Amino acid sequence: MLPTAGLSGQLINGAWVKPVSGAMLDIINPCRSSVITTIGAADREDVDAAVAAAKAAFPSWRRLASRTRGALLTELANRVSAHSEEIARILAAETGNALRTQSRPEVMSSIEVLRYYGGTVAEQKGETLPLGPGLFSYTTREPLGVVGAIIPWNSPLVLAAVKIGMALGTGNTLVLKPAEDAPLAVIRVAELAADLFPNGVFNVVTGVGEVAGAALSGHPDVAKISFTGSVEVGKLVAHAAADRIARATLELGGKSPTIVYPDAATDDRIDGLAANIINAMRFARQGQSCTAGSRLYVHQDVFEPVLKKVVEKLAVMKIGDALDEETDIGAIINEERYSAVREFISEAVNSGAEVVTGEVPPAAGRNVGFFPKPTVLKGLTNDWRIVQEEVFGPVLVAIPWTSEVEVIEWANNTHYGLAAYIFANDLTTALNAASRIDAGWLQINRAGGQIPGMSYGGIKQSGIGSEYSIEGALEAYTARKSVTVNL
């Protein structure tokens with residue numbers, strides 16, 4: 001079931017309205033290369049109306065008890081739960097992310113995120129300061145105002161839940177812009193939320209980034225921008241925020257290292273290790289994740305056995321339509337991204353990289369849908385473009401190492417600093433390596449995704465600020481107010 005009222009694309013001041021210009025946007029199923037539906041595409045006038053509604057709603061919303069705001073987030077989670085299968089199928093159709101392995105779990109994660117913030121937002125505590133006799137000084141956490149949130153297409157639902165939970169839970173009002181390639185599941189959640197929050201508290205605008213996203217980023221009445229997406233667009237958002245001294249949280253790209261020590265690949269551990277490498281690489285999401293462990297550094301002593309086991313496991317994963325229950329791996333989001341992934345692989349192979357498994361994908365248009373095979377390459381060095389730049393596709397580069405000092409230098413030799421994965425049976429070894437790796441979010445002997453309560457964010461050009469935790473929400477979505485009383 002597709003969204004109905006929300007196909008206008010604009011939830012403004014509690015009502016679904018059509019764009020002022022009447023502009024529309026086709027939403028494409030990347031597995032079938034067909035139009036799912038058409039939605040409204042906002043321009044600056046629509047963004048102005050949404051921000052005005054959020055600004056008008058802010059004074060009364062901020063005065064609500066935080067536990068009351070939390071209860072509304074919990075109720076939204078309950079509504080999403082009641083419609084979880086419907087939302088998961090919408091999500092699979094628009095993103096190409098397989099229903100069984102990706103889209104259903106993402107809906108469940110979104111519910112968990114909303115419930116997490118629903119239960120923790122009451123913990124917005126200040127401090128008292130012992131400044132001396134006759135003085136009583138304390139601090140409070142105050143919401144910032146209107147938050148503009150811009151989310152990408154690869155994990156749109158859970159990222160929408162994160163932005164909704166953090167912004168609304170801390171007393172801000174919100175204008176949310178979903179990705180132009182995958183807005184439908186977010187719109188369906190917004191339909192469920194339309195009568196839940198007071199008018200103007202939660203607004204949605206859909207459209208292309210260059211128009212609606214730019215208008216939201218640069219709006220003078222937006223106190224904070226929360227952006228998840230590419231480094232290139234993140235720089236534009238940061239400039240727009242800096243021009244008016246607005247706050248910004250940026251969760252950008254990554255080229256995350258996965259480091260394997262020999263003791264993690266013993267006969268009794270190698271099977272689980274290979275499964276974790278595949279999971280860290282996000283192969284079941286077509287590699288379309290900023291946390292993908294796309295640089296695999298395996299100790300020389302176990303390099304070939306580890307690659308052999310990874311290839312064995314990839315061989316049994318089924319590629320196909322995201323709505324097929326048997327599918328493990330779905331489709332790349334669109335032709336532009338598919339062609340970019342193809343170019344990366346082709347360039348590496350032409351430069352001498354050895355294909356361990358996979359292939360240079362056929363040119364776009366040769367087949368229906370965008371289905372590159374999971375590809376593992378070896379015979380490269382750390383300075384190759386495919387090793388340094390984010391491919392955002394199912395491409396894993398594998399490099400053997402012998403010196404721990406050298407492999408950590410390789411891991412850190414990138415302008416990214418989002419995630420990292422370490423596999424070592426000896427915990428001292430793993431923790432010492434973690435302390436020396438430049439990344440904001442590290443996993444040791446696990447390769448799963450974010451869990452509500454984790455502090456998640458990057459360093460270097462992977463971003464500014466953290467999300468998923470109540471601490472991150474308070475740091476990024478509130479300001480500290482200090483009050484001192486002369487007694």
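These are my notes on one helix pair and some salt bridges in a predicted model.

**Helix pair**

I started with H5 (residues 156–169) and H6 (residues 184–193), whose axes lie 8 Å apart at an angle of about 45 degrees. That angle is neither under 35 nor in the 65 to 115 range, so I put H5 and H6 down as oblique to each other. The handedness of the H5 and H6 crossing came out right-handed. Then I looked up who touches whom: Pro 156, Leu 157 and Ala 160 on the H5 side meet Ala 185, Val 186 and Val 189 on the H6 side. By class, that contact has six nonpolar residues, with no polar and no charged ones.

**Salt bridges**

A search of the whole structure gave me 26 salt bridges. I picked out Arg 104, in helix H4 (residues 99–120), for a look at its partners.

One partner is Glu 85, with the closest N and O atoms 2.8 Å apart. Glu 85 sits in helix H3 (residues 84–95), 19 residues from Arg 104 in the chain.

Another is Glu 325, where the closest N and O atoms are 2.5 Å apart. Glu 325 is in the loop between helix H10 and helix H11, 221 residues away from Arg 104 along the chain.

What else joins in? I found Glu 85, Arg 89, Arg 104 and Glu 325 linked in a network of salt bridges.

Buried or exposed? Arg 104 is partly exposed at 24% relative accessible area, as is Glu 85 at 33% and Glu 325 at 35%.

Last entry: Lys 309 bridges to Asp 271, closest N and O atoms 4.0 Å apart. This pair ties helix H10 to helix H9 (residues 270–280).

Terms used
Residues are numbered from 1 along each chain as its sequence is written. This is a predicted model: local features need pLDDT of at least 70, side-chain atom pairs count only at pLDDT 80 or more; totals for chains, interfaces and linings use all residues. Side-chain values use heavy atoms; hydrogens and water are left out. Axes are lines fitted to C-alpha atoms, for helices over the stretch in contact, and angles run from 0 to 180 degrees between N-to-C directions. Helices (H or I, at least four residues) and strands (E, at least two) are DSSP runs, numbered from the N terminus. Angles under 35 degrees count as roughly parallel, over 145 as roughly antiparallel, 65 to 115 as roughly perpendicular and the rest as oblique. A crossing is left-handed if the near helix is turned anticlockwise from the far one by less than a right angle, and right-handed if clockwise. Contact means heavy atoms within 4.5 Å. Ala, Val, Leu, Ile, Met, Phe, Trp, Tyr, Cys and Pro count as nonpolar, Asp, Glu, Lys and Arg as charged, and the others, Gly among them, as polar. A salt bridge is a side-chain nitrogen of Lys or Arg within 4 Å of a carboxyl oxygen of Asp or Glu. Buried means under 20% relative accessible area, exposed over 50%, partly exposed in between (1.4 Å probe, protein chains only).
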